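Here are some exercises to work through with the model open beside you. Try each task yourself before reading its solution.

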Amino acid sequence: MTQASPVHPGRLFVFSGPSGTGKGTVLAALQARHPELWFSVSATTRAPRPAEVEGRDYLFVSRERFEELIETDGLLEWARVFGNFYGTPRAPINEHITAGIDCLLDIDSQGALQVRSRMPEAILVFLEPPSLDVLRERLIQRGTEDPVEIERRLAAAAGEIACESVYNHILVNVTVEETVARIESLLAAHRLEE
């Protein structure tokens with residue numbers, strides 16, 4: 001009788017980067033090419049916006065439920081932003097990793113540092129723009145922020161870039177195709193380490 005080969009655990013890849021770097025676009029392209037990857041969905045106490053879908057955009061929970069998750073160590077990371085709570089539920093990530101499925105998480109640098117302290121085996125990937133000038137142009141072209149907000153985001157980006165040394169990998173996002181290819185290589189290299 002042959003034994004079933006054991007399932008190798010999946011890995012958690014945490015992606016961070018300044019607003020306007022193209023992180024969302026890169027991760028959407030990666031998800032389209034690799035549906036076998038599981039993308040974590042954050043929980044929040046804020047009300048859903050009109051186009052948002054429960055379970056796709058966020059897990060919308062009550063403040064009481066969120067506080068219960070904090071008290072029971074049910075979150076890998078969390079923060080309070082403008083009076084609402086946001087965080088990453090631990091259980092779904094653990095379930096997917098145990099099943100051998102790689103998980104991807106898109107969070108800010110503060111959250112990534114919390115994940116690092118709670119799950120040191122997580123692989124942190126920082127996406128950065130080619131330069132702050134390129135980032136400024138991307139933010140202007142996006143057309144969603146006024147000049148004051150653009151300068152605020154650029155200052156925040158400079159602070160995030162200064163903390164990039166805590167990440168396992170730093171990728172400069174010049175083009176979506178090139179960045180996705182480098183992430184694919186990174187995922188494959190970590191699989192070979194098993």
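**Exercise 1. In which element is R182 found?**

Before you start, a word on the ground rules: this is a predicted model, where local features need pLDDT of at least 70 and side-chain atom pairs count only at pLDDT 80 or more, while totals for chains, interfaces and linings use all residues. Residues are numbered from 1 along each chain as its sequence is written, and side-chain values use heavy atoms, with hydrogens and water left out.

Step 1. Find R182 in helix 7. Helices (H or I, at least four residues) and strands (E, at least two) are DSSP runs, numbered from the N terminus.

Step 2. Check its cover. R182 counts as partly exposed because its relative accessibility is 27%; the cut-offs are under 20% relative accessible area for buried, over 50% for exposed, and partly exposed in between (1.4 Å probe, protein chains only).

Step 3. List its partners. Leaving out residues up to four places away in sequence, R182 touches L171 and V172, where a contact means heavy atoms within 4.5 Å.

Step 4. Take a distance. R182 and S42 are 140 residues apart along the chain, and their C-alpha atoms are separated by 25 Å.

**Exercise 2. Describe the surroundings of S42 and then of W78.**

Step 1. Look for S42 in the loop between strand 2 (38-39) and strand 3 (43-44).

Step 2. Is S42 buried or exposed? It counts as buried, because its relative accessibility is 17%.

Step 3. Beyond residues up to four places away in sequence, S42 touches Y58, L59, G87, T88 and P89.

Step 4. Move on to W78, which sits in strand 5 (residues 75-81). Its C-alpha atom is separated by 9.2 Å from that of S42, 36 residues apart along the chain.

Step 5. W78 has a relative accessible area of 29%, so it is partly exposed. With residues up to four places away in sequence set aside, W78 touches F66, I70, F85, Y86, G87 and Q114.

**Exercise 3. Which residues of the largest nonpolar core touch the most other members?**

Step 1. Pin down the term: a nonpolar core is a set of buried Ala, Val, Leu, Ile, Met, Phe, Trp, Tyr and Cys residues joined through side-chain atoms within 4.5 Å.

Step 2. The largest one has 16 residues, and F13, F15, L30, L104 and I183 touch the most other members.

Step 3. Trace where the core comes from. Strand 1 (12-16), helix 1 (23-33), strand 8 (123-128) and helix 7 (176-192) each give two or more residues, and helix 7 gives the most, with four.

Step 4. Zoom in on F13. Not counting residues up to four places away in sequence, F13 touches D102, C103, L104, L105, I123, L186, L187 and H190.

Step 5. Don't stop there: a second, separate core of 15 residues includes L76, I93, I107 and F126.

**Exercise 4. Check two backbone angles, at D73 and F82.**

Step 1. Know the background: most residues other than glycine have a negative phi.

Step 2. D73 has a positive phi, near 60°. You'll find D73 in the loop between helix 2 (63-71) and strand 5, and it is partly exposed because its relative accessible area is 44%.

Step 3. F82 also has a positive phi, near 50°. F82 lies in the loop between strand 5 and strand 6 (84-89); at 82% relative accessibility, it counts as exposed.

**Exercise 5. Place S165 and E177.**

Step 1. S165 is in the loop between helix 6 (147-162) and strand 9 (169-172). Its relative accessible area is 65%, so S165 is exposed.

Step 2. S165 and F126 are 39 residues apart along the chain, with 9.3 Å between their C-alpha atoms.

Step 3. E177 belongs to helix 7 and counts as exposed at 58% relative accessibility. From E177 to E64 it is 42 Å, C-alpha to C-alpha, and 113 residues in sequence.

**Exercise 6. Sum up the whole chain.**

Step 1. The secondary structure comes to seven helices and nine strands.

Step 2. Of the 194 residues, 41% are buried.

Step 3. Among contacts between residues at least 6 apart in sequence, 67% join residues at least 24 apart.
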